[in-house]
Amino acid sequence: MMAAGGGAARGGGAAATTTGTGTSFRRSGGSRLAAVPGTRPALRHGRLLLSCGVPSLDCVLGGGLAVGTLLLIEEDKYGVYSSLLLKYFLAEGVVCGHDLFVASAQDPPANILKELPAPLLDDNFKTERVEATAAKSEDCQDSMQIAWRYQNAPKVETSPTTSIKFGHYYDVSKKMSPELLQSIKWHSFFLPDELPLEPKLKMCNMNCGYARLLQSIQSVIYQEGFDGSHPQKKRKNILRIGIQSLGSLLWDDDICSTSTPEDIHSITKFLYVLRGLLRKSLSACIITMPSHLMENKAIMERVTNLSDMVVGLESFIGSERETNPLYKDYHGLLHVHQIPRLNSLICDVSDTKDLAFRLKRKQFTVERLHLPPDLSDTVSRSSKQDLAESAKLLSSGCGAMAIGKKHLDF
Amino acid sequence: MLQELNELLDAAPQRPDTGKFTLLRDSRTDGSFLVHHFLSFYLRAGCKVCFLALVQSFSHYNIVAQKLGVSLTAAKEQGQLVFLEGLKSCLDLVFGEEERSGQPNPLQFISGSVSNLKDLFDFVRTSLTPTDSDCWKGRVLLVDDLSVLLSLGAAPVDVLDFIHYCRMVVCSQLKGNIVVLVHGSEDSEDEENKLVVTSLCHHSNLILWVEGLATGFCKDVHGEVRHGGVLGGGTWQCHTVWRRALSALQDALSLLQPRISLICSMAKD
């Protein structure tokens, strides 16, 4: 994160300045660690964690998004859910009082910010919860009789009442009020506004749009003091950076349109420099990338290696799974391709790799996916084949963890 | 420090090897724990280490090294460790001033003004060349990781040239060791990376290959380490291939004997 021996002690990341005791024990000095609002320290590695706006996704990511890291979201086919996740991330920043930096080549950042979901405040949510529990008790009537083991299995979900200060719930059907948005500071980068004004500058042979974006991010970090360069600022804050659809054609990069792109190094150089900027400042970044358009898989491998966390969304819209009764409760699958090992030899990983997401009752949740058991004698051939394919899909698991070479049948 | 790994490789901090090129290779999993292991191993052995840390910050390695019982800050102050923080150097290069007094930035190739890795090699050479006040027993070059150089615009030939020059200086002249981490799986589509990895495999004394389990994801067992090597003379033969399963216990990793019961226990969910 920040270099040891730097200036002011930073919130929970001051772990680096402890004189080596050789143990991983960290005293939970309350006032020092909780100095930055909207964050909490991670138990294992002492870094500060941010909520990405969806508490169930925070669980999947090992408690949250660590400050100084990058989360790459591989977009689903129509970009519906990935832009939703980006909006959740920004909305969480507004609620916690963090600064925002929104970059896009497609939608003006001001429009993106107008469409943030409204936070569910506690009293509103209580009425919703009552409805939800009433509905839930109906669901429980047809409790599982065969797969009773799954009945008590924990879902990947946290109860909203336990996470008042970390992780909030949002209502997608309502927009965030402009007053709430005005209470925070936000910066924007909209590529069509930037390009014609100044001549092309070649920074490190990088694509012009990426170079300008990096300069913009760096100037915001430096001027607002997120890297500790203005120690007289009394209150530390986090910068949340959200970049939409990086690598698409609108950024003047052809990696998503051809299998032999002209310049395959721009995006990876961009990610490397961005990683350097993130590591030395109190910021975190989410980038969405239309990786399903990339024909050159080598680039995606390099991009994955240069990101800290990679999560892929696969929505069921338009695919035959939309009408498949096996997936009727869900809107898509969530694949976790990479989880970082920060400041430790091992990482926090949830023990389930089969995750699906859904947008239910105006809320986006990530849950463990379990297929219903294949019971009857007269099960049709198509559903059996689908089950086998789904099982193959489920066993493929997470790329950073042990991944099976082939589907073995026991 | 992984005791089992030391026993496996028949290595001990008291008598480190000389002139060895070790290749760490990972496929679809993270092999950086081996980098931490070798870093603490060679620091304990009293060697002078030049560490090209291209992907993570100094504090990351420092915190892990403290858990393994070595202090990188102290080693740096004493001059035992020369640490190149790749991320920081890159930021200096990209956002720093134009005039550069003194030595060029080791990562100068990113700017595109030069196409080879000569500046990086000069950095390695000057940091490991023995001076009069040196009291360290051996020389070690540690690279984490080499595949990122390809992402930053270096051609595979330049990367291989760089490694070749480093081997000449570190292994042959200074009788030191080199440990390099690369990413590379067999079904990867990154041709340039495959070229570099295959070439390095043929020139290494020891290859440690970390892979995920063939049977799929298991919560407690994280993967396998395969061990192979060259039996002198440049001919590549598989010395012995042992598969060891890894498990992570808190912040220590241990190597386990492969057992049938382990394979059965993963089929729980």
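**View 1. Burial and long-range contacts in chain A.** In this predicted model, buried residues account for 53% of the 410 residues of chain A. The chain contains 12 helices and 14 strands. Taking the contacts in chain A between residues at least 6 apart in sequence, 73% join residues at least 24 apart.

**View 2. Strand 11 of chain A and its two partners.** Strand 11 of chain A covers residues 309-315, and 6 of its 7 residues are buried, so the strand is largely enclosed by the rest of the structure. With strand 4 of chain A (residues 70-74) it pairs in the parallel sense, over 4 bridges. A:Ile73 has A:Val311 of strand 11 as its bridge partner. With strand 12 of chain A (residues 332-338), strand 11 of chain A runs antiparallel, and 6 bridges join the two. Here A:Leu313 has A:Leu334 of strand 12 as its bridge partner.

**View 3. A sheet of 3 strands in chain A.** This open sheet has the strand order 1-2-3, with antiparallel pairing. Strand 1 (39-41) and strand 3 (65-66) of chain A are at the edges with a single partner strand each, so one side of each has no neighbour in the sheet. Strand 2 of chain A (residues 48-50) is joined to strand 3 of chain A by 2 bridges in the antiparallel sense. In that pairing A:Leu49 stands opposite A:Ala66.

**View 4. Two nonpolar cores.** The largest nonpolar core has 116 residues. The residues with the most contacts inside it are A:Ile243, A:Phe270 and B:Leu146. Leaving aside residues up to four places away in sequence, A:Phe270 touches A:Met206, A:Tyr210, A:Leu213, A:Leu214, A:Ile243, A:Leu246 and A:Ile287. A second core, separate from this one, has 44 residues, among them A:Leu57, A:Tyr81, A:Leu85 and A:Phe364. In soluble globular proteins, nonpolar side chains tend to be buried together.

**View 5. A helix of chain A against a helix of chain B.** Helix 10 of chain A (residues 266-279) and helix 5 of chain B (residues 86-95) pack with their axes 9 Å apart, at an angle of about 105°. Because of that angle, helix 10 of chain A is roughly perpendicular to helix 5 of chain B. From helix 10 of chain A, the residues in the contact are A:Tyr272, A:Val273, A:Arg275, A:Gly276, A:Leu277 and A:Arg279. They meet B:Gly86, B:Leu87, B:Cys90, B:Leu91, B:Val94 and B:Phe95 in helix 5 of chain B. Sorted by class, this contact has 8 nonpolar, 2 polar and 2 charged residues.

**View 6. Strand 5 of chain B.** Strand 5 of chain B spans residues 177-183; 7 of its 7 residues are buried, so the rest of the structure largely encloses it. In a regular strand the side chains alternate between the two faces of the sheet. Both faces of strand 5 of chain B are covered, with B:Asn177, B:Val179, B:Leu181 and B:His183 buried on one side and B:Ile178, B:Val180 and B:Val182 buried on the other. Strand 1 of chain B (residues 21-27) runs parallel to strand 5 of chain B and is joined to it by 6 bridges. In this pair B:Leu24 stands opposite B:Leu181. Strand 4 of chain B (residues 139-144) also runs parallel to strand 5 of chain B, with 4 bridges between them. There B:Leu141 stands opposite B:Ile178.

**View 7. Helix 3 of chain B.** Helix 3 of chain B (residues 58-67) is mostly covered, with 10 of its 10 residues buried. Its buried residues include B:Phe58, B:Tyr61 and B:Ile63, as well as B:His60, B:Gln66 and B:Lys67. The elements they pack against are helix 2 (32-44), strand 2 (48-53), helix 4 (72-78), strand 3 (81-85) and strand 4 of chain B. Just after the helix, B:Gly69 takes a positive phi of about 95°.

**View 8. Backbone details in two loops.** Most residues other than glycine have a negative phi, and most peptide bonds are trans. The loop between strand 9 (239-243) and helix 10 of chain A holds A:Ser245, with a positive phi near 55°. A:Asp252 is found in the loop between strand 9 and helix 10 of chain A, and its phi is also positive, near 65°. A:Ser245 is buried, at 10% relative accessible area, whereas A:Asp252 is exposed, at 57%. In chain B, a cis peptide bond with omega of about -20° joins B:Asp144 and B:Asp145. B:Asp145 lies in the loop between strand 4 and helix 7 (147-151) of chain B.

Terms used
Residues numbered from 1 in each chain as written. Chains lettered and ligands numbered in written order. Predicted model: local features only at pLDDT ≥ 70, side-chain atom pairs only at ≥ 80, totals over all residues. Heavy atoms only, no water. Buried < 20%, exposed > 50% of the residue type's maximum accessible area, 1.4 Å probe, protein only. Pairing = 2+ DSSP bridges. Core = buried A, V, L, I, M, F, W, Y, C linked by side-chain atoms within 4.5 Å. Contact = heavy atoms within 4.5 Å. Axes fitted to C-alpha atoms, helices over the stretch in contact; angles between N-to-C directions. Parallel < 35°, antiparallel > 145°, perpendicular 65-115°, else oblique. Nonpolar A, V, L, I, M, F, W, Y, C, P; charged D, E, K, R; others polar.
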